[in-house]
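Student: I have a structure open and would like to go through it by question and answer. Where shall we begin?

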Amino acid sequence: MTEVQNTLSDPDEVRLSNTDAQVYLFYRNDGTKRWVCAVTRRLNGEGFLITAYRTSAIKEGEQLWQK
């Protein structure tokens with residue numbers, strides 16, 4: 001859970017989903033050549049976590065921010 005919180009509070013990169021303009025993907029390198037991805041959605045002015053997972057590659061999508 002701490003890794004997900006760190007990913008949301010201090011991401012290495014944030015991308016917008018290709019399929020849903022209200023879904024944001026927060027990525028943070030976990031130090032083992034893998035990424036923690038936290039998938040969030042913004043709805044009615046509120047944001048919430050949909051899911052989180054480890055991945056070996058960053059998904060395509062519009063890059064909104066990079067560290």
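## Burial, pairing and charge

Tutor: Begin with Leu 16, which is buried, at a relative accessible area of 16%. Keep in mind that this is a predicted model.

Student: What is the average pLDDT of the protein chain?

Tutor: Every part of the chain can be discussed on the same footing, since 100% of the residues score at least 70. Among the elements, the mean is lowest in S3, at 95, and highest in S1, at 98. The average pLDDT of the protein chain is 95.

Student: Which residues does Leu 16 touch, leaving out those up to four places away in sequence?

Tutor: Leu 16 sits in strand S1 and is buried because its relative accessible area of 16% is under the 20% limit. Its C-alpha atom is 9.8 Å from that of Lys 59, a residue 43 places away along the chain. The residues in contact with Leu 16 are Ala 21, Val 23, Tyr 24, Leu 25, Gly 61, Glu 62 and Leu 64.

Student: Which residue is the bridge partner of Leu 16 in S2?

Tutor: S1 and S2 run antiparallel and are joined by 4 bridges. A hairpin of 6 residues connects them. Elsewhere in this pairing, Arg 15 stands opposite Leu 25. For Leu 16, the bridge partner in S2 is Tyr 24.

Student: In what order do the strands of the sheet lie?

Tutor: The sheet is open, has 5 strands and pairs them in the antiparallel sense. S4 and strand S5 (62–66) are at the edges with a single partner strand each, so one side of each has no neighbour in the sheet. From one strand to the next the twist averages 25°. The order is S4-S3-S2-S1-S5.

Student: What angle does the direction of helix H1 make with that of S3?

Tutor: Helix H1 covers residues 2–9 and packs on the sheet. The strands it touches are S2, S3 and S4. Relative to the direction of S3, the direction of H1 makes an angle of about 65°.

Student: Which residue in the turn between S2 and S3 has a positive phi?

Tutor: S2 and S3 pair antiparallel over 7 bridges, and Asn 29 stands opposite Trp 35 in S3. The two strands form a hairpin with 5 residues between them. In that turn, a positive phi of about 90° belongs to Gly 31.

Student: Is Glu 13 buried or exposed?

Tutor: Glu 13 lies in strand S1. Beyond four places in sequence, its contacts are Leu 25, Phe 26, Tyr 27, Ile 58, Gln 63, Trp 65 and Gln 66. Its side chain also makes a polar contact of 3.1 Å with that of Gln 63. With a relative accessibility of 5%, against a limit of 20%, Glu 13 counts as buried.

Student: With which residue does Glu 13 form a salt bridge?

Tutor: Side chains of opposite charge can pair when their charged atoms come close. Here the closest N and O atoms are 2.5 Å apart. The partner is buried as well, at a relative accessible area of 16%, while Glu 13 is at 5%. The salt-bridge partner of Glu 13 is Arg 15.

Student: How many residues apart in sequence are the parts tied together by Asp 20 and Arg 41?

Tutor: The side chains of Asp 20 and Arg 41 meet in a salt bridge, 2.3 Å from N to O. Asp 20 lies in the loop between strand S1 and strand S2 and Arg 41 in strand S3, so the pair ties together parts separated along the chain by 21 residues. Both residues are partly exposed, Asp 20 at 24% and Arg 41 at 22%. The separation asked for is 21 residues.

Student: In which strand is the salt-bridge partner of Asp 30, Arg 54?

Tutor: The closest N and O atoms of Asp 30 and Arg 54 are 2.6 Å apart. Asp 30 is in the loop between S2 and S3, and the two residues are 24 residues apart. Asp 30 is partly exposed at 22%, as is Arg 54 at 39%. Arg 54 is in strand S4.

Student: Which residues do salt bridges with shared partners join into one network?

Tutor: A search of the whole structure finds 7 salt bridges. Those that share partners form one network, whose members are Asp 10, Asp 12, Arg 28 and Lys 67.

Key:
Residues numbered from 1 in each chain as written. Predicted model: local features only at pLDDT ≥ 70, side-chain atom pairs only at ≥ 80, totals over all residues. Heavy atoms only, no water. Salt bridge = Lys/Arg side-chain N within 4 Å of Asp/Glu carboxyl O. Buried < 20%, exposed > 50% of the residue type's maximum accessible area, 1.4 Å probe, protein only. Contact = heavy atoms within 4.5 Å. Polar contact = N/O pair within 3.5 Å; in protein donor to acceptor, adjacent residues only side chain to side chain. pLDDT = per-residue confidence, 0-100. Pairing = 2+ DSSP bridges. Axes fitted to C-alpha atoms, helices over the stretch in contact; angles between N-to-C directions.
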